[in-house]
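These are my notebook entries on a single chain, written while I looked up one feature after another. I begin with one side chain and work outward to the helices and the ring contacts.

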Amino acid sequence: LFSPEETVPRAQVVTFLWRAAGKPAPESAENRFTDVSPEEYYYDAVLWAVENGITVGTEDTLFSPDELCTRAQIVTFLARFAGVSDTTTDSVFEDVAADDYFAAAVKWAVDNGITFGTDETHFSPDENCTRAQAVTFLFRWMTK
């Protein structure tokens, strides 16, 4: 089962991105996260994502692999993966303020046809992101 309507957790998101990057080996074996063990399928993906500035974890020593991702978090991870710099920008959606941490990522995603929001005026940044939405965002970016 793919389970397209299930919400995607952080471990799966970084694994999607890591696999899309060709499963590169992390440059460092340093793991500061107490909730990520070398036996987990996402171990290398997490180390790689941190090395590449895609995520910093949820706390200094926690990655929170099972925490569910919001639409804002997914688009931010993807924008960082794509090398988009965080800059303040005017939003195209009522529910995305110019100073939100994800505002530049959302604008980039809209400008590049990766997402069109949940309707004409809303991105719904705090809604949990489904597996289907996450892979659709990634697919749209990778096929540009």
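**Entry 1, V110.** I looked up V110 and found a relative accessibility of 22%, which makes the residue partly exposed, because buried requires a value under 20%. This is a predicted model, and I read every value below as computed from it. V110 is placed in helix α4. Setting aside residues up to four places away in sequence, I listed what V110 touches, and the list reads V92, F93 and T115. I also took the C-alpha separation between V110 and F123, which comes to 9.7 Å for two residues 13 apart along the chain.

**Entry 2, the salt bridge.** Staying with α4, I asked how many salt bridges the count comes to. The count is 1, and I found that K107 makes this contact with D111, with 3.0 Å between the closest N and O atoms. Both K107 and D111 belong to helix α4, which covers residues 103-111, and they are 4 residues apart, or about one turn of the helix. As a general matter, an α-helix has 3.6 residues a turn, so residues three or four places apart point the same way. I also checked K107 for burial, and with a relative accessibility of 25% K107 is classed as partly exposed.

**Entry 3, helix α3.** I next compared the length of α3 with expectation: 12 residues at 1.5 Å a residue should span 16 Å, and the end C-alpha atoms do lie 16 Å apart, so the two values agree. Of those 12 residues, 10 are buried, so α3 is largely enclosed by the rest of the structure. The buried set consists of R71, A72, Q73, I74, V75, T76, F77, L78, A79 and F81. Which helices do the buried residues of α3 pack against? I found α1, α2, α4 and α5. Just after α3 comes G83, for which I noted a positive phi of about 85°.

I picked out T76 from this helix and saw that it is buried, with a relative accessible area of 2%. Without its neighbours within four places in sequence, the contacts of T76 are Y101, F102 and A105.

**Entry 4, helix α2.** For α2 I recorded Y43, A45, V46, L47, W48 and A49 as the buried residues, and these pack against α1 and α3. After α2 comes G53, and here too I noted a positive phi, near 70°. I then looked at V46, which is in helix α2 and is buried at 0% relative accessible area. Leaving out neighbours within four places in sequence, V46 is in contact with V14, F33, V36 and F63. As a further check I took the C-alpha distance from V46 to W108, 62 residues apart along the chain, and obtained 24 Å.

**Entry 5, F33 and F63.** Two of the contacts of V46 are phenylalanines, F33 and F63, and I therefore turned to the ring pairs, counted where centres lie within 6.5 Å. The search of the whole structure gives 6 aromatic pairs. One of them joins F33 and F63 in a tilted arrangement, with 5.7 Å from centre to centre and 55° between the planes. F33 sits in the loop between α1 and α2, and F63 in the loop between α2 and α3, so this pair ties together parts that are 30 residues apart in sequence. I classed F33 as buried at 5% relative accessibility, and F63 as buried at 0%. I also saw the charged end of R10 over the ring of F63, at 4.4 Å from the ring centre.

**Entry 6, other rings.** I found a cluster in which ring pairs link W48, F81 and W141. A further charge-over-ring contact places R71 over the face of F123, 4.5 Å from the ring centre.

**Entry 7, helix α5.** Last, I looked at α5, whose 12 residues run from 131 to 142 and reach 16 Å from first to last C-alpha, close to the 16 Å expected. Its buried residues are R131, A134, F137 and L138. I viewed α5 down its axis and found these residues within an arc of 135°, so they line one face of the helix. I noted that the buried residues of α5 pack against α1 and α3.

Methods:
Residues are numbered from 1 along each chain as its sequence is written. This is a predicted model: local features need pLDDT of at least 70, side-chain atom pairs count only at pLDDT 80 or more; totals for chains, interfaces and linings use all residues. Side-chain values use heavy atoms; hydrogens and water are left out. Helices (H or I, at least four residues) and strands (E, at least two) are DSSP runs, numbered from the N terminus. The expected span of a helix is 1.5 Å times one less than its number of residues. Buried means under 20% relative accessible area, exposed over 50%, partly exposed in between (1.4 Å probe, protein chains only). The arc is that of the directions from the helix axis to the C-beta atoms. Contact means heavy atoms within 4.5 Å. A salt bridge is a side-chain nitrogen of Lys or Arg within 4 Å of a carboxyl oxygen of Asp or Glu. Rings of Phe, Tyr and Trp (its six-membered ring) pair if their centres lie within 6.5 Å; planes under 30 degrees apart count as stacked, over 60 as edge-to-face and the rest as tilted. A charge sits over a ring if NZ of Lys or CZ of Arg is within 6 Å of the ring centre and within 35 degrees of the ring normal.
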